[in-house]
Every structure is written in C-alpha cells, then in structure tokens.
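Welcome to this short set of worked exercises. Take a look at the sequence and the structure below, then try each task before you read its solution.

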There are 6 protein chains.
Amino acid sequence: MYSVTVRDHIMIAHSLKGPVFGPAQRLHGATFIVDLELKRSDLDPDGIVVDIGRAGEALREVLAGLNYQNLDDVPALAGRNTTTEFLARFVFDAVVAAIRRGDLGPGAVGVEQMRVTLQESHVAAAAYEGLVNGPA
Amino acid sequence: MYSVTVRDHIMIAHSLKGPVFGPAQRLHGATFIVDLELKRSDLDPDGIVVDIGRAGEALREVLAGLNYQNLDDVPALAGRNTTTEFLARFVFDAVVAAIRRGDLGPGAVGVEQMRVTLQESHVAAAAYEGLVNGPA
Amino acid sequence: MYSVTVRDHIMIAHSLKGPVFGPAQRLHGATFIVDLELKRSDLDPDGIVVDIGRAGEALREVLAGLNYQNLDDVPALAGRNTTTEFLARFVFDAVVAAIRRGDLGPGAVGVEQMRVTLQESHVAAAAYEGLVNGPA
Amino acid sequence: MYSVTVRDHIMIAHSLKGPVFGPAQRLHGATFIVDLELKRSDLDPDGIVVDIGRAGEALREVLAGLNYQNLDDVPALAGRNTTTEFLARFVFDAVVAAIRRGDLGPGAVGVEQMRVTLQESHVAAAAYEGLVNGPA
Amino acid sequence: MYSVTVRDHIMIAHSLKGPVFGPAQRLHGATFIVDLELKRSDLDPDGIVVDIGRAGEALREVLAGLNYQNLDDVPALAGRNTTTEFLARFVFDAVVAAIRRGDLGPGAVGVEQMRVTLQESHVAAAAYEGLVNGPA
Amino acid sequence: MYSVTVRDHIMIAHSLKGPVFGPAQRLHGATFIVDLELKRSDLDPDGIVVDIGRAGEALREVLAGLNYQNLDDVPALAGRNTTTEFLARFVFDAVVAAIRRGDLGPGAVGVEQMRVTLQESHVAAAAYEGLVNGPA
C-alpha cells in the first residue's frame, strides 16, 4: 500500500459538553495540526498516489470552514461535541466528498483508504482512518 | 477506526544480554518517549474514544513502576532482556490490565486495539500493537 | 552561559483587535507550546541552573491562570491584545515574580536571563527574552 | 505485532515528468528523511525484531546508491518518475533483497511486514508498506 | 527582546565546489526548512513584532526565486558556493531589502535583528543572524 | 554571525547526588540528543563555517567516551554530578580541545562561539554556550 501525507493547521475556539471534559467544558481553544494521509494499492500512470498540490488545496478548503472560528457557532457542527476525534472524522468525510466532486483530480478515484490525524499539543492527538468507499 | 494518543516518558538504566547488543551489553540508559494510542470503531456517547485525562493518568501510573529505575533490578522484569520492543509490549499489557480494572473509566471497555511506541532517540523507535481483547 | 529549558502547554480562546489581524479578529483559539529557558553564568553547588522540577511546577502554575480560558474574559489581561508576543512577555514577567517569591527555590536567585517561547503551530512562534533583574 | 524503526536521510537532485508536477518538472532536489519500520508477530530469542545495528547499516547501504546523486542519471532508475511514493517502494524492495541476502542477520527472516516513509519536508511525506514475502 | 518566527521551505538542486565538500561536489539537492525570526525591543501599537501574515508572504516571495531551481543556474548566485550558511545569509539580505521596500508594512521598520535558519536534514542546519540596519 | 549545527546522541546511565534531584538520585539513565552549534562572524574561503563532516566526526568522538556508559564509573567524571547542564559544558570543553588539536581542520580556528544543547526528553533540555577562546 502506498500513501502520501500533507499537513496543514487550524486555530479554533470551542467548548465541550459533559463532566468528562473537566475544565475543557469552558470556552477555550486549540491549534490542530492536521495530517491527511491518502492510501492506494497501486500508483497512477504518473507514479503518484494523488496530485499532492491538489490534495493540499482540498485539505485547506475543508479546513477553511473551521479556521479562526468558534466551533460552538458553526452551523454544520450544531449540537455536536467537537472533540478532536469527532473533528478528525469530520475532516475525513469532507475530504471524501471533495474526492467524489473531483476536487483532487480524476486520478484520486483510486484512493482506497485515508487517515486524518489532529495533533492538539505535543502530548495529545486523535485520528480517524477508514475506507474511502465505505459507508461514509 | 478512531484513535487517541497520549505521550509521556521515562528515564531508565539497563543492560542487554547477548552479543547482538554490542556496547549495549554494558550498563547504560535511555529516555523512552512513550506514545499510547487507543483505537475503537465508534465513539462513546460523549464523542470520545476514551477519557484522555484518565488515559494519561493510567499511562503515567504504568510508567511510574519503571521511571528512574535500573531495569536490571526491577523484580517484575527479572530474567528478561528489556529491549525497546519488549518494553513496548510490557506497557501494552499493563495498560490492558488497567482498562480491565476500570482505571480508564467504564467507557474504555470499548477500546479494541492499542499501539504503544517507544522512541529511544531521534533515529530509533520500537512499538507493539494488538487487540485489547486478544490472548494477552 | 548555562541554560535549562522546560516545556508545557495551554489551550485558550481569544480574539485580537485591529485590522492587521484579519480573520484572527474573530473569536478563535490556540494551543501554545511554551518553552521556558532559564540562564545563568555559573552552576549552583548542586551542578544545576535551577531545580528543574520546581521550574516545571512554577511554569505550570503560571500557565494555570490562562489554561482553558477565553483570554478575552481574563481580568489580568483586560484591554490588552493577547498576541503571542504579548503572552510570551506575560509569562516571562510571571516567572520572574515566581523566582522573587522563592517558588523556584533559593538557588534560583542566580538566574540572570530567561527566554519564553510560545509555538502556536508548526509554522509560527513568538518569544520574549530578557534579563531577570532588568526593569521588569 | 512488534516493530522497530530506524531513520536515515539522503540529499538528491531530480526532475519529474508530467504536467501534474508543475514547477517540479524542473531540475530541483530534496532531502528525504527515511524511516524504515520492520514488523513481526513474535520477537526472536534475543527479545528483538531484528538487530537494529544491522538494520541501520542495511538502510544506509541501500540509500548510498541514491545519496548525493542526480536521480535523473542513476541507471537503476532510468525511465522512471522518481516520485516520493516511487522511491519509498524502491527502498522497500531493496531492503527486502538485503534481508534475503542475509545482510540483516539470520533472525531477520522473521520480519513479516515493513513500512518505508520518506519525509520530503515538514508538511509532506510518502510511504510504502507491504508484506516482506509478498509478490515483490 | 521580542521575536516572531515564521517557517517555510524550498526544494533545490545544486553542487558545491571544493574538495572539502566530498560527495556534495556532485549535483545533488536538498529540502531546506527555513525559519525567519524577526526581533525588536518593543512591540508596535497593535502589540506585535510585525504583521505575521506579511512576514510569511515576504519570506515566500524571497524563497520563490530559489524554489524548484538548480541553484547552479540561478544568475543571482553565479560564481558562489551555495552552502547552507551562504543561503541563510542570502535569505537574510533579501528579507532586509523587503523590509526596506515596505513589503512587511510600515511597522516593520522597528525590526532590529533577524535570524534565518535553514535545516537541511534532521541532523544538520545552518543560520545567519545580524542587525537589520547593520552594514548589509 | 553565521552558524552550523550538527546532531548526534548518547545513551547513558548515571545517578545524581543531592536531595534536590529526588528520584533521580537512584541509578537511572537518559538518551541525550546533542546539538553542537559552531558560530563565526565570516565564512571561510569555501563559504562555510567549518567542514560539517569533520564537525560531526569530532562530536561523535567526544561522545564516544560517554556513550553506553554508566557515567558514575567514568574516571574523567569522578566526583562530579553529571547533570545535563554539566554534561553540556563537558562536551563544549572537549570540542574546544578538538578544535585546538586541529581535528576539525585548519579553518576551524575561525570558530568564535559555540552552543551545546542536550535534550533529555521532549519536555526538558539544557545547554552551555560560550566563546571558544574564552577562559575555558
């Protein structure tokens, strides 16, 4: 299995609901360093997994809807606990949609699996990985 | 598959037995930066893999038995070659036991897989990954 | 000149006032990875710059007043633009006060200079460095 | 599954053929930080995945054929687009051959899977992972 | 002294002249991860060292003249050994010129010192630091 | 001021004397990632601070006397508390001696300042910096 990974980041505010979150129930924030890894069994005719430039642009567009926002006020996330795990899945699903729209180019239909990792600090991270054509 | 990762570290002395270890047969030491990754297919009702605070505490407790020790003198490791690979598995098994005792909270029973990675320098690491409910 | 550095982090929300900040004028947030470097010309009788355990605790206490907060609502920061540069200086001054109170131990009076660095992402950081006994 | 990882690097020039590569069609270059991860289900009698010293030497020998070269002029790569993905596979295959030759010692026959990751910058990487005894 | 740092990177080919360079006399290449640190004694009225967005853009423009190039063919570098040290100074001088042209905004005239660091691998780097208004 | 930095590491056992060290009074160990930064005002005729290959070799030789040792038993360190700060200075002095012996080549006489940094974990480091021709 081949993979390529591109990195970007967002800076957001949010609060988390539930006593399990302790002080993170207060309005606070985070920088999330986001790694998008795209995987496929065989390379395309150019010898690549996907156009890495387009992958980076697609990731940036997905993140633009979250960047410099208070996630508590983002309609697409209403009623959800925007944990790091949840956000990893949210980015995953949005990149799958971008692939299906053709934003990563026609060769990107060959992408089989993806992993989205969000580092929230030097000591904590969360990720979501799955099949691109799975029951998203 | 979702995952969360927490990081901690230990500083230990030890020696390794067998000519394959060359100069590491002498008493020396290491800082191991330890990453504990916990994985599950679905998030719990709070939208998390596991209470990350409790995961960090559980890891710290597991590591406390090793930290600032000469591993050659730790009874639980007697007769074992405390290679980085072996220690990754030792930490894995101890975290599984902590989950079963409920140290990570009742929601942690949903954790299906784990990966424990020990970086011993900027150029070398070892890991153990497996099922939480496998034949530990 | 000798130095020791300890690392911790905070996760905060805030907004910045002024058109130069563009989208960061909106309420958003950041993880700041904070490095505190303490410097002195000669080591103390124990062969150290400062008790690194106490230095870490003092940094944690300073950061506790900011962690998991919306900085726009923190009285001590009222009316200030909590830029990364400003926060580096704020932490610097608070650590100087902690040294003067004796929180880092009596040996810490030998600390001559400090540098506080806040990484806000993998591509941006700010710092403040100065004399400990300067006109703080 | 256990694993060990060793890191090395190469500094090469090359050009990539095809409009998808944009400015990378020009002769340019890269530092690739190379991580070789070797995996097996059980440790050998010494308690290791593989002799980490020999693994590092084998990786260095494989990379020596590429290091400080213009890959456009390397006969073994003639007619190939030396993308990061392609190079990850090239290193993978060369390490498999080294294992089969016995360069990593007799215990290395127990290695079941490998992953080769090439970081080309702080924001981009590629990898190839597969079975060691698969249809290489 | 306050500072802000922004990071970017370039991927170049080049060769170095002189037996001291050993195999680096051949045409090869490098990824340089470039950190630009800008320093001043006091913050501007917005509470910043410099508009970090403009600083990042200015760095990107300076690097654009080098990125994806064979430095042996860049007229501005003709007859020079493009060592990592030399390139750090080249970037430094180009950023000073950008500040003087006003590319970083009028507030950037307050920048007193800068440091440009180029990491060429995980084990090697070079830097140039100096006064902005020195005899450039 | 120009600088070049090379990185290497050691893995050692030791114990520290004095109640300030708490659990580190026990025999334990550390991996120290060592950065040697060499500085000078002007480049030599080859356009470099120093032959980086020779600098790396000199650092490796200095570290070889410590690597895979129990520092409590190293005669050159007898009676000393081998704190991270102390070891940074020890490496500094040994590199100065290597420069004076000509181990880094005749051009290295131009090196004016050095900084030696030892990272002992992802959250702690120590350093020593000074003039090469100072009263070592």
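**Exercise 1. Describe the interface of chain E and chain D.**

Step 1: start with the area. About 1900 Å² is buried between chain E and chain D, with carbon and sulfur atoms giving 65% of it. Buried area is the accessible area (1.4 Å probe) that two parts lose on being put together, summed over both. Met11(E), Tyr68(E) and His122(E) supply 30% of the area that chain E buries against chain D, more than any other three residues.

A word on the model: it is predicted, so local features need pLDDT of at least 70 and side-chain atom pairs pLDDT 80 or more, while totals for chains, interfaces and linings use all residues. Residues are numbered from 1 along each chain as its sequence is written, chains are lettered from A and ligands numbered from 1 in the order in which they are written, and side-chain values use heavy atoms, leaving out hydrogens and water.

Step 2: count the residues. Chain E brings 23 residues to the contact and chain D brings 23 residues, where contact means heavy atoms within 4.5 Å.

Step 3: look for pairs. There are 0 salt bridges between chain E and chain D; a salt bridge needs a side-chain nitrogen of Lys or Arg within 4 Å of a carboxyl oxygen of Asp or Glu. Polar contacts join 11 residue pairs across this interface, both residues at pLDDT 80 or more. A polar contact is a pair of N or O atoms within 3.5 Å; within protein, one must be able to donate a hydrogen and the other to accept it, and residues adjacent in sequence count only if both atoms are side-chain atoms.

Step 4: place the residues. On the side of chain E that touches chain D, β1 (2-14), β2 (28-40) and β3 (113-121) of chain E each give two or more residues. The most, 6 residues, come from β1(E). Helices (H or I, at least four residues) and strands (E, at least two) are DSSP runs, numbered from the N terminus.

**Exercise 2. Check the length of helix α2 of chain D, and find what its buried residues pack against.**

Step 1: work out the span. Helix α2 (residues 84-101) of chain D has 18 residues, so at 1.5 Å a residue it should span 26 Å. The rule is 1.5 Å times one less than the number of residues.

Step 2: compare. The end C-alpha atoms of α2(D) are 26 Å apart, which agrees.

Step 3: look inside. Among the buried residues of α2(D) are Phe86(D), Leu87(D), Val91(D) and Phe92(D); buried means under 20% relative accessible area, exposed over 50%, partly exposed in between (1.4 Å probe, protein chains only).

Step 4: find the partners. The buried residues of α2(D) pack against β1 (2-14) of chain A, and also against β2 (28-40), α1 (52-64), β3 (113-121) and β4 (124-131) of chain D.

Step 5: look just past the helix. Gly102(D), just after α2(D), has a positive phi of about 90°.

**Exercise 3. Is Thr5(F) buried or exposed, and which residues does Thr5(F) contact?**

Step 1: locate Thr5(F), which sits in strand β1 of chain F.

Step 2: a relative accessible area of 16% makes Thr5(F) buried.

Step 3: neighbours within four places in sequence are left aside. Thr5(F) then contacts Val123(E), Ala124(E) and Ala125(E), as well as Asp35(F), Leu36(F) and Glu37(F).

**Exercise 4. Describe the surroundings of Ala58(B).**

Step 1: Ala58(B) belongs to helix α1 (residues 52-64) of chain B.

Step 2: its relative accessibility is 6%, so Ala58(B) counts as buried.

Step 3: Ala58(B) and Leu104(B) are 46 residues apart along the chain, and their C-alpha atoms are separated by 6.7 Å.
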